[in-house]
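Grab a coffee and open the viewer. Below are some exercises, each with a worked solution to follow on screen.

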Amino acid sequence: MSFKVDLEYPFKRYHCKTQPTKSIVMSSIVIFGGESHPELVKKICENVNIHPSQVTLGKFSNGETSISVGDSVREKDVYVIQSGCGQVNDTFMQLLILISACKSASASRVTAVMPYFCYSRQPDTPYTVKGAPLISKPRETYTFESNPGTPINGGSSTKSNSSSSMTTQRPGADSSFKSLNTTIRNTIDLQQPQPSRVQPGVRPVLPTLNNTMSLSRIPIIPGGKVQTPRTSNADAGELFNSQNAGYKLWVVQAGTLIANLLTASGADHVITMDLHDPQFPGFFNIPVDNLYCQPIQMNYIQHHIPDYQDAVIISPDAGGAKRATAIADALELSFALIHKERRSQLLKGPPDATLTSGGALPVSPKPLVATLNFPRNINASSPPKPQISHRHGGDDVNQSKYIQTTMVVGDVRNKVCIIVDDLVDTSYTITRAAKLLKDQGATKVYALITHGIFSGDALNRINQSSIDKLIISNTIPQDKTVQFLGKDRVDVIDVSRVFGEAIRRIHNGESISMLFEHGW
Amino acid sequence: MDRSSEDMSTNSIKLLAGNSHPELAEKISTRLGISLSKVGVYQYSNKETSVTIGESIRDEDVYIIQTGIGAQEINDFLMELLILIHACKTASARRITAVIPNFPYARQDKKDKSRAPITAKLIANLLQTAGCDHVITMDLHASQIQGFFHIPVDNLYAEPSVLNYIKTRTDLHNAILVSPDAGGAKRVASLADKLDLNFALIHKERQKANEVSRMLLVGDVTGKSCLLVDDMADTCGTLVKACDTLMSHGAKEVIAIVTHGIFSGDAREKLKNSRLSRIVCTNTVPVELDLAIVDQMDISPTLAEAIRRLHNGESVSYLFTHAPV
């Protein structure tokens, strides 16, 4: 896309506010925007007080990305803004080509600005329900039950699931993958899947698996079994497990690769926001500035959530606890954690043994356990405990089984809950968390998210979930989200000022550490 | 010597394939008698590519087959390839060879205007960064692209297969070879020498990329069966216009022979309405055209033989002149 130069713009700007006059140093900044998020590019440029430079982005008819840089970049300080959203691989390639074009056109420094860093979080288990290659068709209703269900408050989760849905086996154990696959297929109850990318004249992908598998990409079937038409779910599992049961299936983590590719294309510096892994900058050999959305989020809580002093900050999983506690500490709010665990030992030992993970965290003064409908006998008069619910679904105890428990560690009854997470993709985690919180007596559930990818039918799920308000940053375009959920239910917080200020400071060689604390 | 042969015995070929061209991968696998490794390449719902490795490739000689194709998916396939290479690298493969029959972005190989990206060079860098040790490709648009790499590149030729095709499937006595542009003259001249045929050349004046304005024919094609040879057919604008030019100069028939049949955009319509009597391409990329005039040559034996020779440390140069049957 190309940006038209709005001649009036700087004057408007000067009229409404006194701006520092454009120094000579400032003029050596060049900002290019990728195709992924033109709106954010525009906003960041407004904050830096320059125009985005001319670049024509497109595709050749054979699909190859085409780029033509319109403005000179010789000896300039170039910033390329591209978020890792939409057709991720296309936008990422576009970024790489743009960086290399600037570099080969003698730019003095090229900085990749990636508000959302693609491939920064990849699930490490194959075929999990979350983020799996399986894309289900948007459904009419969702249960938001964790899998397995969480029978609380009179067994709100129906016992409809087959017992197999509650037990998954460790991938990599002998003959496990087949059953894992089958289990998951059965569990998520896929209907007709939706291909991720429908196009006319698509090549017939080999081999034709069953309906469930024919979406998106089909694995190449090894062992010359391609010609065999696949008919049942289990066959896809056999694919990996028929011959070498001993090898533990693993999923490639592309983080290092992405870092190296960026460096190889010529990037000298990376600016991003709320990386999922704090270790991620270590994959690079170039400086990475990881900005935080937290100051803006805190600002939102203070100004837009009524009686936030009594609210509880919730981390929807153990991994995000640190992020959530940081906000809770800064605002002096209480904190609770939703913990999901898989245990093989649950059946052994006294039931109490599984309920001791509360530690020093605040627990409810009222024993809510009494209201829970446990399948096993738990003494209702037992001392206050983290509210836990578990369900085990195996009749066959001989096999090693994993039992999932989901619990809220902390007290949320009659409280406003603010779920804090860095990333929402399929939305399984937060919709389940919201339901659990409401079941535990939360009055209102806010979800405060930095990166909202909302892939598959995530928006549909959120629409039907117990989340009362979704607060999302604009690192990824959220027009669709606002349109789908309605303006009342979504608030988009703007991060362009943080990025603009970071670009300005990095260009001028100033410290950006104050952005970590104060936001902008 | 004993030690090295011992090493060889523990080190075998592993064939991996992305999703770009399963048929070709299967053909190479059948030809080599080695089944494809258990690797799953998927796309997550958030459009990121995910690769699952299902068998050990430690200390193996890995060949990853992925071609550059797909109007919507070419970048996805590229990322698949890069992630597969990276995966093999982290899984301690001894050597990783990317088999890329149609090298993507090969035409963006020069800075033809200010600040134009040399994407072919970028791709070369990306492949090496991912951990690629060797590249096998076919009929590179410009053979100088080999120089973009710091690793060995084997640029195979479809020419032996094309020669076989011309000898067996066309009217050799009344044929004339035609190059649709000046850039392909060398390719056609080499064929003409080997077949002892005359050749003609079409000079085209380009004003914009993918658009050809005027064509001038150099040489006499009256009454001849013209063999129009090029390295790729993309939007087919050049081919169809060249065909028209040849027919208007009195050619008897026009057969187009190309290595990479990409056929993007409205190529199908153009070919359907053209006066080409046949268009022949290899299977370096999957061809989906359902037109009767499309004919295909199988080059998987060449690729398979190259893999075998590379693995055994034999010379590959035999394949530059001979097509394995």
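Two residues are in contact if their C-beta atoms, placed from the backbone, lie within 7 Å. Keep that cut-off in mind, and remember that you're looking at a predicted model.

**Exercise 1. Work out what chain A is built from and how far apart along the chain its contacts reach.**

Step 1: start with the elements. Chain A has 13 helices and 16 strands.

Step 2: turn to the contacts with a separation of 6 or more. In chain A, 66% of these link residues 24 or more positions apart.

Step 3: check burial. Chain A runs to 520 residues, and 49% of them count as buried.

**Exercise 2. Decide whether A:Thr406 is buried or exposed.**

Step 1: find the residue. A:Thr406 sits in strand β12 (residues 403-409) of chain A.

Step 2: apply the cut-off. A residue is buried if 20 or more other C-beta atoms lie within 10 Å of its own.

Step 3: count. A:Thr406 has 24 C-beta neighbours inside 10 Å, so it counts as buried.

Step 4: try a distance while you're there. A:Phe283 is 123 residues away from A:Thr406 along the chain, and their C-alpha atoms are separated by 33 Å.

**Exercise 3. Split chain A into its domains and describe the side of domain 1 that touches domain 2.**

Step 1: get the bounds. Domain 1 of chain A is pieced together from 9-119 + 254-292 + 496-518, while domain 2 covers 294-493.

Step 2: look at the contact. Domain 1 of chain A brings 14 residues to it and domain 2 of chain A brings 12.

Step 3: ask which elements of domain 1 take part. Those giving two or more residues are α2 (38-48) and α13 (513-518) of chain A.

Step 4: sort that side of domain 1 by residue type. You get seven nonpolar, four polar and three charged residues.

**Exercise 4. Now do chain B in the way you did chain A, starting from its domains.**

Step 1: the assignment gives domain 1 (2-156 + 300-321) and domain 2 (159-297).

Step 2: the C-alpha centres of these two domains of chain B lie 29 Å apart.

Step 3: 14 residues from domain 1 of chain B meet 11 residues from domain 2 of chain B. On the domain 1 side, the elements giving two or more residues are α2 and α9 (300-312) of chain B.

Step 4: that side of domain 1 of chain B divides into five nonpolar, seven polar and two charged residues.

**Exercise 5. Trace the five-stranded sheet of chain B and explain why one side of each edge strand has no neighbour.**

Step 1: read off the order. The open sheet goes β1-β4-β5-β6-β7 in chain B, with parallel pairing.

Step 2: look at the edges. β1 (13-17) and β7 (153-156) of chain B each have a single partner strand, so one side of each is left without a neighbour in the sheet.

Step 3: check the twist. Neighbouring strands are turned by 20 degrees against each other on average, direction ignored.

Step 4: zoom in on one pair. Five bridges link β1(B) and β4 (residues 61-65) of chain B, and B:Ala17 has B:Ile65 as its bridge partner in β4(B).

Step 5: add a helix. α2(B) lies across β1 and β4 of chain B, at about 165 degrees to β1(B).

**Exercise 6. Find out how chains A and B meet.**

Step 1: count both sides. Chain B puts in 65 residues and chain A puts in 62.

Step 2: find the largest contributor on the chain B side. That's α3(B), with nine residues.

Step 3: sort the chain B side by type. The split is 27 nonpolar, 26 polar and 12 charged.

Step 4: look for a sheet built from both chains. Three strands form an open, antiparallel one in the order β6(A)-β3(B)-β2(B). Its edge strands are β6 of chain A and β2 of chain B.

Step 5: inspect the pairings. β6 (residues 250-251) of chain A joins β3(B) over two bridges, with A:Val251 partnered by B:Thr52. β2(B) and β3(B) share five bridges, and B:Gly40 is also a bridge partner of B:Thr52.

Step 6: finish with the helix on this sheet. α3(B) touches β2 and β3 of chain B, and its direction makes about 35 degrees with that of β3(B).

Note on methods:
Residues numbered from 1 in each chain as written. Chains lettered and ligands numbered in written order. Predicted model: local features only at pLDDT ≥ 70, side-chain atom pairs only at ≥ 80, totals over all residues. Domains from an automatic or database assignment. Helix = DSSP H or I, 4+ residues; strand = E, 2+ residues; numbered from the N terminus. Nonpolar A, V, L, I, M, F, W, Y, C, P; charged D, E, K, R; others polar. Pairing = 2+ DSSP bridges. Axes fitted to C-alpha atoms, helices over the stretch in contact; angles between N-to-C directions. Buried ≥ 20, exposed ≤ 12 C-beta atoms within 10 Å, placed from the backbone.
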